[in-house]
Amino acid sequence: MAQKKEGKILGMERDTFRSLMGKYGVSIVMLVLIIVIGIMQPLFLKPSNLINVATQITINGMLAFGMCMAITTGGIDLTVGAQIALGGVMFGICTVKGGMPVVVGVLATVAVTTLFGFINGFLIAKFNMFPFVVTLSMQLVIRGVSLVISGGQGIQMGNDVGNIYYTNVFGMIPLPIIIYLVVFVLMYLMFHWTKLGRYILAVGGNPNAALASGVSVFRIKIYAYAISGFLAGIASIILVAKTGNAKANIGEGYETDAVAACVIGGTSFAGGIATMPGVVIGTFIVGFIYNGINMVGIDGNYQSIIRGLVIILTVMMDMAINGKNRK
């Protein structure tokens, strides 16, 4: 029986189109988004606004890198928003109430958030618990710890902390962008050029096969969630430096933006599929959506609707393009 010949898409064979969109689809979406918003609001393309967007997305970018680690192993980390609150409060207690140097506050902050990331990974790996249930429950625990140690009160940060966000390197590049670029390079090298990165992909793709190949699934999952906690700590420092205030209720809903950046950037919820450049592009798309909505004068109340629709459409596009290869 003769095999049915597939039709063409935009003049290309379907397999060629799938391959092209699988590699460059997200980049094309971002380019189209920039052009459309730029036509609607020319000020959007001004260098000053683009630098502003790049600075603002650094917080979500840090969370998205960590979220990518969790999702790639076949899980999810819903604690990153709460981790921001805990990290901010810890940073405030150390630097303001404790009078410690900023460097000590930074180390204490990332140590605490990394610890809770480790706990997430341990519970998931050791007891084979569902990541959604574990991290949703730990989200409440971490928020509670933030409230307890802060006494439910906000902590006003000093100018030395604010300098972390508002200092320009070489007089033109905001420090958060430099931090973000350094983290991206390190994450890229780790994820794409080391055994740990390959093992994370292997565990997410097929944990049984990874285990049979000698990979410690237990340790890899702990590493993935610990990295997510560490990066959430860095994000909390940047956010507190930006707002000048550390409170136990900050970071609410931030996990949604992190998930959105990962999904838009091509990270598969099935696990085992992700790229760091994709996460960066996804983060920028989320940032452009927020910034574009504000600049074209759309009511901010529509942001959640638009973001949700973008995620749905992105997943649908991914299924349409790559669905055949996953069967």
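A nonpolar core is a set of buried Ala, Val, Leu, Ile, Met, Phe, Trp, Tyr and Cys residues joined through side-chain atoms within 4.5 Å. The largest such core in this predicted model has 69 residues. Helix H10 gives the most to this core. H10 also packs against helix H6 and against buried residues of helix H4.

**Nonpolar cores**
- Phe65, Met67, Met69 and Met187 touch the most other members of the largest core.
- H10 supplies 13 residues to this core.
- Leaving aside residues up to four places away in sequence, Met187 touches Phe65, Met69, Ile227, Leu231 and Met276.
- A second core is separate and has 12 residues, among them Ala70, Leu86, Phe116 and Met138.

**Packing of H6 on H10**
- H6 covers residues 159-166, and H10 covers residues 217-243.
- Their axes lie 7 Å apart and cross at an angle of about 110°.
- Angles of 65 to 115 degrees count as roughly perpendicular, so H6 and H10 are roughly perpendicular to each other.
- On the H6 side, the contact is made by Val161, Gly162, Ile164, Tyr165 and Tyr166.
- On the H10 side, Ile237, Ile238, Val240, Ala241 and Lys242 take part.
- By class, the residues of this contact are 8 nonpolar, 1 polar and 1 charged.

**Helix H4**
- H4 runs over residues 102-126, which makes 25 residues.
- At 1.5 Å a residue, H4 should span 36 Å; its end C-alpha atoms are 36 Å apart, so the two values agree.
- The buried residues of H4 are Gly105, Thr109, Val110, Val112, Thr113, Phe116, Gly117, Asn120, Gly121, Ile124 and Ala125.
- An α-helix has 3.6 residues a turn, so residues three or four places apart point the same way.
- The buried residues of H4 pack against helix H3 (80-97), helix H5 (131-150) and H10.
- Phe116 is one of the buried residues of H4, and Phe116 also belongs to the second core.

**Positive phi outside glycine**
- Asn128 follows H4 and sits in the loop between H4 and H5.
- Asn128 is not a glycine, yet its phi is positive, at about 55°.
- With a relative accessible area of 66%, Asn128 is exposed, because exposed means over 50%.
- Phe170 is also not a glycine and has a positive phi of about 60°.
- Phe170 lies in the loop between strand E4 (168-169) and strand E5 (173-174).
- Phe170 has a relative accessible area of 73%, so Phe170 is exposed.

Conventions. Residues numbered from 1 in each chain as written. Predicted model: local features only at pLDDT ≥ 70, side-chain atom pairs only at ≥ 80, totals over all residues. Heavy atoms only, no water. Axes fitted to C-alpha atoms, helices over the stretch in contact; angles between N-to-C directions. Helix = DSSP H or I, 4+ residues; strand = E, 2+ residues; numbered from the N terminus. Parallel < 35°, antiparallel > 145°, perpendicular 65-115°, else oblique. Contact = heavy atoms within 4.5 Å. Nonpolar A, V, L, I, M, F, W, Y, C, P; charged D, E, K, R; others polar. Expected span 1.5 Å × (residues − 1). Buried < 20%, exposed > 50% of the residue type's maximum accessible area, 1.4 Å probe, protein only.
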